[in-house]
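Hi,

Here is the structure I promised to pass on. Have a look at it first, and my notes follow underneath.

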Amino acid sequence: SLAAWNDEEWVFGGGGSGTPGVGTSSFNVQQDTWSGPAAPTVATGSFADFEQNPGDDLEFVVDPSAMTPGDDIYAPVALTTEASSVAGTLTLQAPVPAVGHSADDPQGLLWENLTYSVRATTDATVAADCSAGSFATSGTVVAEDLTLADPLSASPQSLSAARGNVQYYCFRISLPDSAATQGLQGRSVYPAWRFAAVSE
């Protein structure tokens with residue numbers, strides 16, 4: 001029989017020069033609600049995760065529990081990706097009742113009569129004025145005069161990777177004049193909106 005020399009070579013995936021091995025990217029969106037004259041930016045905001053219903057409180061300039069027929073109230077929220085996140089999109093979903101809050105709305109009449117509209121922008125200056133005076137021109141229409149009970153088919157907004165941009169949303173909630181004849185005094189509801197975020 002003949003003897004033979006033996007040798008072998010190996011390679012492994014993704015670890016050259018001490019870099020991590022084969023793995024996955026990270027996608028995470030964070031939010032910041034605020035009130036006041038300045039919209040949060042990547043540099044100034046206090047962005048955090050609120051990933052379960054009901055989420056963080058929208059901060060209305062006026063008392064949201066004291067609406068009368070014909071009133072509109074406004075509140076903004078800012079969303080961006082985390083510093084280590086890949087890019088993605090946000091799509092606003094139709095509201096659902098907020099977990100942990102008890103509505104006082106027999107037969108759901110207030111829920112069916114309140115309407116909401118939403119605008120989106122990446123301009124912090126525009127976003128800072130989430131109010132009656134600027135709402136109609138404050139960005140892209142995401143939702144327009146829908147009741148809380150209506151389905152929503154919203155277009156997505158883009159988020160760049162690693163906090164590369166901020167998407168600002170301005171919410172308007174309205175109690176129509178017609179509510180005056182429908183016995184809606186003294187009622188309360190707690191709508192919660194989900195932003196469905198998908199990585200690119």
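To start with, how many disulfides does the count come to? The count comes to 1 disulfide, where a disulfide is a pair of cysteine sulfur atoms within 2.5 Å.

Before I go on, a word on what you are looking at. This is a predicted model, in which local features need pLDDT of at least 70 and side-chain atom pairs count only at pLDDT 80 or more, while totals for chains, interfaces and linings use all residues. Residues are numbered from 1 along each chain as its sequence is written, and side-chain values use heavy atoms, with hydrogens and water left out.

Back to the disulfide. C130 and C170 form it, with their sulfur atoms 1.9 Å apart. The link is right-handed, with 85° about the S-S bond. C130 lies in the loop between α2 (124-127) and β6, and C170 in strand β8, so the pair ties together parts that are 40 residues apart in sequence. The element names come from DSSP runs, numbered from the N terminus: helices are H or I with at least four residues, and strands are E with at least two. Both cysteines, C130 and C170, are buried. For that word I use under 20% relative accessible area, with exposed meaning over 50% and partly exposed in between (1.4 Å probe, protein chains only).

Now the sheets. One open sheet has 5 strands in the order β1-β2-β8-β5-β6, with antiparallel pairing. Two strands pair if DSSP finds at least two bridges between them. β1 (29-33) and β6 (140-147) stand at the edges with a single partner strand each, so one side of each has no neighbour in the sheet. On average, neighbouring strands of this sheet are turned by 20° against each other, direction ignored. Angles like this are taken between axes, which are lines fitted to C-alpha atoms (for helices over the stretch in contact), and they run from 0 to 180 degrees between N-to-C directions. At the β1 edge, 5 bridges join β1 to the antiparallel strand β2 (residues 72-81). If you want a spot to zoom in on, T33 has V77 in β2 as its bridge partner.

There is also an open sheet of 3 strands, ordered β7-β3-β10 and again with antiparallel pairing. Here β7 (157-159) and β10 (195-199) are the edge strands, each with a single partner, so one side of each is left without a neighbour in the sheet. The twist averages 30° from one strand to the next. β3 and β7 run antiparallel and are joined by 3 bridges, and G88 has L159 in β7 as its bridge partner.

What does T89 touch, leaving aside its neighbours within four places in sequence? T89 sits in strand β3 (residues 88-92), and its contacts (heavy atoms within 4.5 Å) include P156, Q157, S158, L159, A196, A197, V198 and E200. T89 is buried, at 19% relative accessible area.

Next, the charged pairs. A search of the whole structure finds 3 salt bridges, each being a side-chain nitrogen of Lys or Arg within 4 Å of a carboxyl oxygen of Asp or Glu.

- D105 and R187 meet at 2.9 Å, N to O. D105 is in the loop between β4 (96-97) and α1 (109-113) and R187 in the loop between β8 (167-174) and β9 (191-192), so the pair ties together parts 82 residues apart in sequence. D105 is buried at 13%, and R187 is buried at 18%.
- R119 pairs with E144, the closest N and O atoms being 2.8 Å apart. R119 is in strand β5 (residues 115-121) and E144 in strand β6, 25 residues apart. R119 is buried at 7%, whereas E144 is partly exposed at 36%.
- D145 pairs with R172, with the closest N and O atoms 3.2 Å apart. D145 lies in strand β6 and R172 in strand β8, so this pair ties together parts 27 residues apart in sequence. D145 is partly exposed at 45%, whereas R172 is buried at 14%.

One last residue: Q182, in the loop between β8 and β9. Q182 is partly exposed, with a relative accessible area of 33%. A polar contact of 3.2 Å joins the side chains of Q182 and N113; the term stands for a pair of N or O atoms within 3.5 Å, where within protein one must be able to donate a hydrogen and the other to accept it, and residues adjacent in sequence count only if both atoms are side-chain atoms.

Cheers
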